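Visitor: I would like a close look at one part of this model, taken residue by residue. Please begin with a single side chain and its surroundings, and then go on to what lies beyond.

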Amino acid sequence: MSEPKLEDIVSLCKRRGFIYQGSEVYGGLSGTWDYGPLGVALKRNILNLWWKTFVEDRDDMYGVDAAILMNQKVWQASGHTDTFTDPLVECSQCHGRFREDKIDTSKCPTCGTKDSFGPAKQFNMMFETTVGPVADETSISYLRPETAQGIFTNFKNIVDSFSPDLPFGIAQQGKAFRNEISPRDFVFRSREFEQMEVEYFVDPDNWEAEFEKWVSDIEAFLETLGLPKDKIHNLEVPEDDRAHYSKRTIDVEFDFPHGRDELLGLAYRTDFDLMNIQNNSGKKMEYRMKDGSKTFVPHVIEPSFGVERAIMAVLTSAYTEDEVNGESRMYLKLPEHLAPVRMAVSPLVKNKPELVAKAREVYEALKKKHGNVMWDDNGNIGKRYRRQDEIGTPECVVIDFQTLEDDTVTIRNRDTTEQTRVAVSDLV
Ligand code: ATP
């Protein structure tokens with residue numbers, strides 16, 4: 001089977017109500033995307049699965065939901081105001097602006113002019129805003145470019161409120177904003193996106209073993225997203241390319257339709273972040289071991305994942321084309337726990353009131369059980385199946401004339417297209 005192209009994914013997302021361009025009626029706003037009903041459901045399923053896996057199912061994790069706007073001192077201390085930059089180049093001919101490390105600068109990708117780029121300028125990617133009615137130096141704030149700082153700034157609060165045993169982690173999900181020079185590849189590089197991050201606090205003497213555990217925890221999580229192993233590649237980032245404070249970083253890459261690229265990052269950040277806070281706030285960020293053996297500023301391992309990239313990887317992996325009765329068909333082979341619609345229910349025909357009434361009864365019962373069940377009586381049955389295949393609904397339930405006689409329905413399986421008869425009582 002051929003791999004889906006980026007256009008296939010984009011067009012499916014728009015056609016079926018997963019993801020639309022942001023502000024589309026006004027010509028759009030570059031780098032922003034709006035989620036439709038099915039996209040919201042898929043995104044929530046991924047967020048919830050991550051939260052369940054890394055927070056609810058573990059004893060060593062604490063969830064937070066910090067404010068997006070933070071005191072400007074946070075971003076000064078973390079180094080973001082000075083160094084959260086990308087190299088920007090501008091074409092002297094067409095004035096197109098690009099990220100230097102993402103293009104071949106010998107020729108402008110837009111107008112084709114050769115050697116039209118001067119030296120790169122450092123462009124800060126944070127969106128600046130002012131807080132309160134007076135706009136001056138002291139009221140400057142930023143839309144957070146990562147959720148991580150909202151975790152670090154709450155480290156002391158969590159230690160004081162919960163006295164956790166070390167190692168422990170603090171997790172957060174939420175929006176992040178980066179004024180990317182060239183947003184591209186659908187939602188892969190957006191200006192507004194959502195992160196799922198953990199800061200895992202460890203004893204520096206033991207960071208290597210903890211890091212290895214995270215490598216395998218991430219691997220297991222990616223499997224539950226239905227991503228095939230052969231599309232995932234752990235890239236050990238060489239020392240020269242790592243942040244100066246990081247002693248080890250793995251970029252987990254995925255074979256996206258646009259090429260192999262970063263899905264998520266796993267970094268050992270030493271005590272860089274907590275030390276910065278301690279030095280700049282004057283507040284101690286130390287942790288005292290419960291047995292009193294030592295007191296120290298914990299080191300940190302950070303798995304950092306973007307939901308948009310997870311969605312792209314999930315859709316790419318699920319996108320499947322096959323042939324049914326000599327006709328080509330496209331379906332999303334989504335894992336059942338991620339599918340936006342768990343089941344679709346319909347009466348075989350719409351113009352028989354007793355059939356419709358019975359179908360509504362089955363629908364209500366299934367909806368009560370699963371929640372995400374869709375009523376779908378649009379078009380003929382063949383069209384309904386195709387539509388549900390395209391959005392990845394694992395099963396379609398049809399109420400027909402036999403149902404009225406023996407209270408059985410047909411269930412049609414998305415992947416095999418096989419239909420079986422089951423009793424309504426078994427189903428609900
Ligand atoms: P890249 O090199 O692709 O710009 P990065 O290394 O700057 O990414 P991090 O700062 O490590 O990214 O961010 C952690 C995670 O957040 C990334 O692995 C990715 O999943 C997600 N992410 C970062 N930037 C974006 C973006 N512009 N759009 C969507 N997701 C993003």
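**Arg-248 and its surroundings**

Guide: Arg-248 is in contact (heavy atoms within 4.5 Å) with Trp-207, Phe-211, Glu-212, Glu-236, Arg-242, Leu-266, Ala-267 and Tyr-268, not counting its neighbours within four places in sequence. The model is predicted, so local features need pLDDT of at least 70 and side-chain atom pairs pLDDT 80 or more, while totals for chains, interfaces and linings use all residues. Residues are numbered from 1 along each chain as its sequence is written, and side-chain values use heavy atoms, without hydrogens or water.

Arg-248 belongs to strand β12, which covers residues 248–256. Helices (H or I, at least four residues) and strands (E, at least two) are DSSP runs numbered from the N terminus. The relative accessible area of Arg-248 is 17%, so this arginine counts as buried (under 20%; exposed is over 50%, partly exposed in between; 1.4 Å probe, protein chains only). One of its contact residues, Glu-212, also pairs with Arg-248 through a polar contact between side chains, at 2.8 Å. Such a contact is a pair of N or O atoms within 3.5 Å; within protein, one must be able to donate a hydrogen and the other to accept it, and residues adjacent in sequence count only if both atoms are side-chain atoms.

Helix α7 runs over residues 207–224 and packs against helix α2, residues 37–56. Their axes are 11 Å apart and make an angle of about 145°, where axes are lines fitted to C-alpha atoms over the stretch in contact and angles run from 0 to 180 degrees between N-to-C directions. On the α2 side the residues are Ile-46, Leu-49, Trp-50, Thr-53 and Phe-54; on the α7 side they are Trp-214, Asp-217, Phe-221 and Thr-224. By class, this contact has 6 nonpolar, 2 polar and 1 charged residues, counting Ala, Val, Leu, Ile, Met, Phe, Trp, Tyr, Cys and Pro as nonpolar, Asp, Glu, Lys and Arg as charged, and the others, Gly among them, as polar.

Two other arginines can be set beside Arg-248. Arg-342 lies in the loop between β18 (327–332) and β19 (343–347). Arg-342 is buried, with a relative accessible area of 12%, and its side chain makes a polar contact of 3.3 Å with the side chain of Glu-336. Beyond four places in sequence, the contacts of Arg-342 are Glu-336, His-370, Asn-372, Thr-393, Pro-394 and Glu-395. Arg-184, in the loop between β9 (168–177) and β10 (192–202), is partly exposed at 29% relative accessibility. The side chain of Arg-184 is joined to that of Asp-185 by a polar contact of 3.0 Å. With residues up to four places away left out, Arg-184 touches Lys-102 and Arg-189. The C-alpha atoms of Arg-184 and Gly-31 are 7.3 Å apart in space, although 153 residues separate the two in sequence.

Asn-372, one of the contacts of Arg-342, sits in the loop between α10 (353–370) and β20 (373–375). Asn-372 is partly exposed, with a relative accessible area of 29%. Its contacts beyond four places in sequence are Ala-339, Pro-340, Val-341, Arg-342 and Met-343. The Asn-372 side chain reaches the backbone oxygen of Pro-340 at 3.4 Å. These two residues are 32 apart in sequence and 7.0 Å apart from C-alpha to C-alpha.

Another asparagine, Asn-380, caps the N-terminal end of α11, with a side-chain oxygen 3.1 Å from the backbone nitrogen of Gly-382. Within α11 (residues 381–390), Arg-384, Tyr-385, Gln-388, Asp-389 and Glu-390 are buried. Gly-392 follows α11 and has a positive phi, near 85°.

Some backbone features remain. Most residues other than glycine have a negative phi, and most peptide bonds are trans. His-95 has a positive phi of about 65° and lies in the loop between β4 (85–90) and β5 (97–99). Thr-417 also has a positive phi, about 60°; this threonine is in the loop between β22 (408–413) and β23 (419–423) and is partly exposed at 22%. The peptide bond from Leu-166 to Pro-167 is cis, with omega near 5°, and Pro-167 is in the loop between α6 (155–162) and β9.

For the whole protein, there are 13 helices and 23 strands, and 51% of the 428 residues are buried. The C-alpha trace spans about 75 × 65 × 50 Å along its principal axes.
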